[in-house]
Amino acid sequence: MKKVILLFVMITAGCTLLQAQPGKTIRWSRDGQSVLKATPEGITANPLSGAAPTVLVPAARFTPGGAARALPVRDFSFSEDGKKLIIYTNAKKVWRYETRGDYWILDLPTGKLQQLGKDKPASSLMFAKLSPDGSKAAYVSEHNIYVEDLATGAVKAITTDGARRFINGTFDWAYEEEFGCRDGFRWSPDSKGIAYWQIDATKIRDFLMINNTDSIYSFNVPVEYPVAGESPSACRIGVADIATAKTTWMQVPGDQQQHYIPRMEWMPGKNELIIQQLNRKQNESKVMICNAANGNVRTLYEERDSAWIDVKSRWDDDNIAGWDFIRNGKAFVWVSEQDGWRHIYSITADGGKATLLTPGNYDIISIAAIDEAKNLIWFMASPDNAGQQYLYKVPLTGGKAERVTPADQPGTHEYTFAPGNSWAIHEFSNACTYSVNENVQLPAHTSNTGAVATALKKSGSSCVEFFQVKTEDGVTLDGWMRKPANFDPARKYPVVFYVYGEPASATSRDAIGAGRNFLYDGDMAEDGYIYISMDNRGTPLPKGRQWRKSIYRKVGILNARDQAMATKALLAKHPYMDASRIAVWGWSGGGSMTLNLMFQYPEIYKTGIAIAAVANQLTYDNIYQERYMGLPQENREDFIQGSPITYARNLKGNLLYIHGTGDDNVHYQNAEMLLNELIRYKKPVQFMAYPNRSHSISEGKGTFDHLSALYTDYLRKHCEPGAK
């Protein structure tokens, strides 16, 4: 399960795709010299150089006739020729992100403002984008795809069979959550066709959440949710002819319900699609070329792994879309762990020949930009410190990597490149430095403000201690430790461990948030707690394939043992750690880890706080759980052995368990299953259900304050703060 995103704390023009995904979309000017923003004044250009912003499109121009004010802009983009402005407004959530709303088109030369899909329900349009020739717009509404002629307003249904469980042009819950797939259609380069996904979830059983709070009579909230061991939704790719609305289906080999297709794009300049297919276990990947006219398919490139194969979103800022073509479409950039490290390759588009571009015993973390004009690939890596992240570059033909981030800026860096790759937005933080942004010119890495350098001068260097600890199994874990204020090594202090420990996230990075507990109402250091987090094997650190994939079929076993043995080693090494006051907490996968540590190692952990935990791995979705654990039909015992519920009878310490009843991700049934097991063995537990709250437990007035107070009071009561 993915780590819940909690932000309480941690403290393009020319592109017609509207992601509506917070924090992921930056709109650039066509020349790459400015960031475009929606402001009360209108659409403004904010120069990266720091010059004063200018208004490109006044708000008055996108104010509907008779309206008192301009459309509230949730997102926007310009057409390829810069003559049309697309406005996304009245946005509503679809599970995680606000991907459903209303779209308007402003024709800049004529001033004509028109709403797309006026005959469709309000806030029902998704992923509206213009055809490459600018004459039409396509969008999804209520699981069907429509094309609207901008000149006449005529709307044509490209599909008509869409329903909640028969989905055209977008995806079901599992595809969205675990592959990052949301926008499910692509215009052809000639504007004559649309390629799209069709997801058949009619054979998937609904999981029924119950809403008890929004009416006197409760009602079900159904989610098509395939749990581990259940076949996924069937998936196929079709190409619709806009003139006839006839679809040609791609003849992709293999059972549609036993394979996934997480990626699909048009080949440059060809009437062909390129797709990626994964088998059910996600350890075999095939890149295929599909003839859009007749549906014929050939395999271009294959890869296998004894564990699993990551998809593009893992190494491309959580974005599954797009294909990194080079040399006018004659090749594309790919990432693979086939030599034991995560490296960048180029793959020829005719014969599928792979060439390693980043040789060496290190991992690339993600690709930042591909710059053919300068013959460079920019990427993130940290060969010498797995908890940090820096910008590197390498020739597009391959070679030795060169660090670009200045050597005197230790920590975690992010870069978002502007078109042309001469500017990038640079974001930096480390454990002692709050996040700061600046704009840098590349390749010299010249800052327009010097904000990062200034922040580093002001920040301290002793907010946390980074350490390594070796377990009795010979495994070395990285971690951070924040010690109490006025620390005295001759006294004993309580220790609180923050855990996650699954392949979706790491906690020991040198970034803002390290040493800080966003749920604790107060200052843990001032109150006399030692606060620690460590990353076990299986977490996504740049420490090689073997580190990350040793957890395969051992989630809940190997990761829990690594954490427990590292804790044991720390207690033996540091007499100032009070072994009678050891607490652990986590959320989502970290909640599962907390339960496993409390149940499997009760002699070490005395107090636990588990939030939104998977208590039984067989309840979680198949894409995530089968990726890391295999198929229950083949190795069901691994799922049982890795599930906290199996060990609930061993509880000896104090446990606070928290879950939202409206959690569509980790279902509330986990809480009731676990509670039943604890009741069976007469194990006392404090339990808090948050009515109708989702996985983030963030909805409703006062929710976070209540959760924080509950968490803090329980920790203070059962793991007494202060030195002894």
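In the predicted model, the mean position of the 80 positive charges of the protein chain and that of its 78 negative charges are 1 Å apart. The accessible surface over the protein chain amounts to about 28300 Å², and carbon and sulfur atoms account for 49% of this area. Of the 724 residues in the protein chain, 59% are buried.

With regard to secondary structure, 11 helices and 43 strands were assigned in the protein chain. The radius of gyration of this chain is 26 Å, which is close to the value of 27 Å given by the globule rule for 724 residues, so the protein chain is as compact as a globular protein of that length. Taken along the principal axes, the box filled by the C-alpha atoms of the protein chain has dimensions of roughly 80 × 60 × 60 Å.

At the level of single residues, tryptophan 197 was examined in its structural context. Tryptophan 197 is located in strand S15, which comprises residues 193–200, and its relative accessible area is 1%, a value that falls under the 20% cut-off for burial, so that tryptophan 197 is classed as buried. From this position, the side chain of tryptophan 197 reaches the backbone oxygen of isoleucine 261 at 2.7 Å, and this distance lies within the 3.5 Å limit applied to polar contacts between N or O atoms. Aspartate 510, by comparison, is separated from tryptophan 197 by 313 residues in sequence, and the C-alpha atoms of tryptophan 197 and aspartate 510 are 40 Å apart in space.

Notes
Residues are numbered from 1 along each chain as its sequence is written. This is a predicted model: local features need pLDDT of at least 70, side-chain atom pairs count only at pLDDT 80 or more; totals for chains, interfaces and linings use all residues. Side-chain values use heavy atoms; hydrogens and water are left out. Helices (H or I, at least four residues) and strands (E, at least two) are DSSP runs, numbered from the N terminus. The radius of gyration is taken over C-alpha atoms; the globule rule is 2.2 Å times the number of residues to the power 0.38. Buried means under 20% relative accessible area, exposed over 50%, partly exposed in between (1.4 Å probe, protein chains only). Accessible areas come from the Shrake-Rupley method with a 1.4 Å probe; for residues, only the protein chains shown count as cover. Lys and Arg count as positive and Asp and Glu as negative; His and the chain ends are not counted. The place of a charge is taken as NZ of Lys, CZ of Arg, CG of Asp or CD of Glu. A polar contact is a pair of N or O atoms within 3.5 Å; within protein, one must be able to donate a hydrogen and the other to accept it, and residues adjacent in sequence count only if both atoms are side-chain atoms.
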